[in-house]
Structures are given as C-alpha cells and as structure tokens.
Amino acid sequence: MVQAVCDEPEDENEVGRSDTSDDELIQERDHDTELEQELSVEIEKESEITEKYFLGKGEYATIDEMLIPFRGRCNFIQYIPNKPANYGLKVFVLCNSKTFYVSNLEVYCCQQPEGPYKKSNTPDNITHRLMQPWKGKNRNLTCDSWYTSYPLAVNLLKDKTTIVETMRQNKRELPSEFLPSKNQRRRLV
C-alpha cells in the first residue's frame with residue numbers, strides 16, 4: 001500500500017502565507033506605529049491649546065459643588081435643601097475664574113464599595129483630585145468653608161498653589177488671636 005504524503009497546512013491561517021505576506025505585515029505594523037505617532041502629536045497639540053486658552057488664561061481657580069437637577073432613577077441622587085432644585089446629581093467642579101470654563105469635575109457617587117473604584121470623599125482628597133491639571137503652575141484656588149482646612153492649605157502650598165478660603169469659627173486650626181473676643185462682641189452689639 002502506498003501512502004501519499006501531502007504538505008497541507010494544519011492551520012487555516014497558514015494557507016497562502018509566504019515571505020511576502022510577512023513583509024506586508026511588517027509594513028502594516030510600521031504604518032500603524034506612524035498613525036499612533038501622528039495621533040499622539042495631535043493629542044499633544046490639543047492639550048497645549050486647552051492649556052493655553054482655557055486653563056492658562058488666568059491664575060485663579062474656584063472649586064465648589066453644584067447640583068444638576070435630576071428626578072429620574074439613580075442610586076446617587078442627592079437632596080440639598082438650600083439649592084434651587086432640591087434633588088439632583090451632585091458634582092464637584094473646578095473652574096477657571098477668568099474664563100469660567102470648567103477645568104475639571106467629579107460626579108459625587110456616594111460611598112463606593114471596596115475595590116478599584118473606591119475613592120475618598122473627604123474635601124481634601126476631592127480638592128487634590130480636581131487640582132491635578134493645575135499642580136505646580138503657581139495658581140490660586142478660592143473655595144468655601146466646606147473645603148477649608150489647614151492641612152489642605154499646607155499641601156497645596158507644596159504644590160505651588162495658594163488658597164483663599166472662608167473659615168468657620170469652630171475650626172481647631174484657627175488661632176485664638178483671629179477669633180473675636182467677648183468684649184469686642186459686646187461693643188459691636
């Protein structure tokens with residue numbers, strides 16, 4: 001009995017492949033890397049434009065929260081009685097004070113379960129996450145009393161950012177010299 005030996009490829013992907021197809025694959029990879037380089041250059045140009053016209057116009061930034069009105073189904077709807085729309089999605093926003101463009105924002109999603117998406121919702125951590133594009137650029141941040149703390153001011157100063165904030169009288173970090181004395185209160189009334 002005579003058996004015929006056949007050099008058929010075992011894998012379907014090897015059908016019709018030769019050295020020229022390897023050259024084509026190499027050229028295709030080179031073309032892909034060229035496109036990736038062009039794309040990275042375009043992204044870099046856009047980030048420069050964003051920095052120049054939106055972030056770079058002013059040295060002052062403001063951070064605050066806002067409530068986007070929403071009454072639909074959502075697990076993280078907030079009720080804030082002193083806002084015009086009482087129910088909605090709470091968003092922390094960093095804005096350029098000169099151009100009023102939103103530089104960075106973060107949606108408040110309540111307490112997250114343990115895992116990769118768990119973030120601390122303390123005012124200091126929110127401020128540091130929002131200030132990421134402005135770090136080291138000699139800017140000034142203005143914020144209200146909810147964000148105010150002495151450790152935040154010290155940490156921002158290390159990042160070359162000054163801070164102007166309103167402070168409540170019951171803050172522990174506030175020196176007693178800054179508080180009005182009881183005699184001064186009587187004279188004012």
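Colleague: Which residues have the most contacts inside the largest nonpolar core?

Modeller: Bear in mind that this is a predicted model. The residues with the most contacts inside that core are Ile63, Leu94, Leu141 and Ile163, and the core has 16 residues.

Colleague: And which elements give two or more residues to it?

Modeller: Three strands and two helices do: S1 (60-69), S3 (87-96) and S5 (139-143), plus H2 (123-130) and H3 (150-158). H3 gives the most, with three residues.

Colleague: What does Leu141 touch?

Modeller: Leaving out residues up to four places away in sequence, its contacts include Ile63, Leu94 and Ile163. Met131, Leu156 and Val164 are also among them.

Colleague: Switching topic: where is Glu65, and is it buried or exposed?

Modeller: Glu65 sits in strand S1, and it is buried.

Colleague: What is the nearest side chain of opposite charge?

Modeller: That's Lys83, 4.4 Å away, and Glu65 has no salt bridge. The cut-off for a salt bridge is 4 Å.

Colleague: So which side chain does Glu65 make a polar contact with?

Modeller: Tyr147, side chain to side chain, at 3.2 Å. Glu65 also touches Lys90, Val91, Phe92 and Asp144, among others.

Colleague: Now cysteines. How many disulfides are there?

Modeller: The count is zero.

Colleague: Why no bond for Cys74?

Modeller: Because the closest cysteine sulfur, in Cys109, is 7.6 Å from the sulfur of Cys74, which is too far. A disulfide needs the sulfur atoms within 2.5 Å.

Colleague: What's the relative accessible area of Cys74?

Modeller: Cys74 has 27%, so it counts as partly exposed. Cys95 is partly exposed too, at 21%.

Conventions: Residues are numbered from 1 along each chain as its sequence is written. This is a predicted model: local features need pLDDT of at least 70, side-chain atom pairs count only at pLDDT 80 or more; totals for chains, interfaces and linings use all residues. Side-chain values use heavy atoms; hydrogens and water are left out. A nonpolar core is a set of buried Ala, Val, Leu, Ile, Met, Phe, Trp, Tyr and Cys residues joined through side-chain atoms within 4.5 Å. Buried means under 20% relative accessible area, exposed over 50%, partly exposed in between (1.4 Å probe, protein chains only). Helices (H or I, at least four residues) and strands (E, at least two) are DSSP runs, numbered from the N terminus. Contact means heavy atoms within 4.5 Å. Lys and Arg count as positive and Asp and Glu as negative; His and the chain ends are not counted. A polar contact is a pair of N or O atoms within 3.5 Å; within protein, one must be able to donate a hydrogen and the other to accept it, and residues adjacent in sequence count only if both atoms are side-chain atoms.
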